[in-house]
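Trainee: I would like to practise reading a model feature by feature. Can we take one and work through it?

Mentor: Yes; have the sequence and the coordinates open.

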Amino acid sequence: MSAEATTDECASILLVDDMEDNLIALEAVLGSLNEPLVRARSGEEAMKALLRRRFALVLLDVRMPGMDGFETAANIKRLDQTKDVPIIFLTGAEDDSGYAFRGYATGAADYLTKPFDPWVLRAKVSVFLELHRKSRQLERLLSRQHGEDGEIGIRLAELEDRLAGSDPPDLTAMRAQIRELRHLVSRGRPS
């Protein structure tokens, strides 16, 4: 795997909770995934972190002083830069049963109550990490395809210019260019 691919495959996870013990527990459960875990102790810190780097997922506590989890989620979903980052809400079992509805209404992808099963949390996070990797891979493929499409357009314009010119076209050179174009086009097709 190239250095660029390795960097792109890195999927940071943002852990947002005002309680140190909860952050330590999340790090213990998710540490074996070998992905960067970034802490935020408030909604404000979370927003700053999200604006500084790309995250695959946010694990967000519902109840925090200041900007609570719902307000933080609403802010995340409001910004173009962060609106597609999935959010898993984490909340205490004693919290209002309407919290789950409110969480999903603010754009959460999932909702777990504490204490959570570490295996379930790790499995859910793994799914979102894999989705993030596939999304990044698709972005790279589309970018490469866009570049190839541009190259094909340039070469077609060159052929058109040669055909429109006043000198008789060099058929051997044009055939070579057409073969190159066919090769470019066939490379871009799915197998």
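Trainee: Does N34 count as buried or exposed?

Mentor: This is a predicted model, and the label rests on relative accessible area, with exposed meaning over 50%. N34 has 67% relative accessibility, so N34 counts as exposed.

Trainee: Where is N34 found?

Mentor: N34 sits in the loop between helix 2 (20-30) and strand 2. Its phi is near 55°, which is a positive value in a residue other than glycine. As for its surroundings, the C-alpha atoms of N34 and S12 are 9.7 Å apart, with the two positions 22 residues apart in sequence.

Trainee: Let us step back to the whole chain. How many helices and strands are there in the protein?

Mentor: The protein has 7 helices and 5 strands. Read from the N terminus, the order is α-β-α-β-α-β-α-β-α-β-α-α. The radius of gyration is 25 Å, well over the 16 Å that the globule rule gives for 191 residues, so the protein is more spread out than a compact globule. The C-alpha trace spans about 85 × 30 × 25 Å along its principal axes.

Trainee: What share of the residues in the protein is buried?

Mentor: Buried residues account for 38% of the 191 residues. The exposed surface of the protein comes to about 11,400 Å², and carbon and sulfur atoms supply 55% of it.

Trainee: What do the contacts in the protein join?

Mentor: Take the contacts between residues at least 6 apart in sequence: 62% of these join residues at least 24 apart.

Trainee: How far apart are the mean positions of the positive and negative charges?

Mentor: There are 26 positive and 32 negative charges, and their mean positions are 4 Å apart.

Trainee: Now the strands. Which way do the residues of strand 1 point?

Mentor: In a regular strand the side chains alternate between the two faces of the sheet. In strand 1 (residues 13-16), I13 and L15 point one way, L14 and V16 point the other way, and all are buried. Strand 1 runs parallel to strand 2 (residues 37-40), and 4 bridges join them. One point to locate on screen is V16, whose bridge partner in strand 2 is A40.

Trainee: Are the faces of strand 4 covered or uncovered?

Mentor: Both faces of strand 4 are covered. I87, F89 and T91 lie on one side, I88, L90 and G92 on the other, and all are buried. Counted by residue, 6 of the 6 in strand 4 (residues 87-92) are buried.

Trainee: In which sense does strand 4 pair with strand 3 and with strand 5?

Mentor: Strand 3 (residues 57-61) pairs with strand 4 in the parallel sense over 4 bridges, and L59 stands opposite I88. Strand 4 also pairs with strand 5 in the parallel sense, over 5 bridges. There the bridge partner of I88 is D110.

Trainee: D110 carries a charge by name. Is D110 buried or exposed?

Mentor: Buried means under 20% relative accessible area. D110 has 12% relative accessibility, so D110 counts as buried. Its strand fits that picture, as 4 of the 5 residues in strand 5 are buried.

Trainee: What is D110 in contact with?

Mentor: Leaving aside neighbours within four places in sequence, D110 contacts I87, I88, F89, Y104 and K124. The C-alpha atoms of D110 and A11 are 18 Å apart, and the two residues are 99 apart in sequence.

Trainee: What follows strand 5, and where is P115?

Mentor: P115 is in the loop between strand 5 (110-114) and helix 6 (118-164). The peptide bond that joins K114 and P115 is cis, with omega about -5°.

Trainee: Last, the final helix. Is L181 buried or exposed?

Mentor: L181 lies in helix 7 (residues 171-188). With a relative accessible area of 8%, L181 is buried. Beyond its neighbours within four places in sequence, L181 is in contact with I152, R155, L156 and L159. L181 and I152 are 29 residues apart in sequence, while their C-alpha atoms are 6.5 Å apart in space.

Key: Residues numbered from 1 in each chain as written. Predicted model: local features only at pLDDT ≥ 70, side-chain atom pairs only at ≥ 80, totals over all residues. Heavy atoms only, no water. Helix = DSSP H or I, 4+ residues; strand = E, 2+ residues; numbered from the N terminus. Rg over C-alpha atoms; globule rule 2.2 N^0.38 Å. Buried < 20%, exposed > 50% of the residue type's maximum accessible area, 1.4 Å probe, protein only. Contact = heavy atoms within 4.5 Å. Areas by Shrake-Rupley, 256 points an atom, 1.4 Å probe, with all protein chains shown as cover. Lys, Arg positive; Asp, Glu negative; His and termini not counted. Charge placed at Lys NZ, Arg CZ, Asp CG, Glu CD. Pairing = 2+ DSSP bridges.
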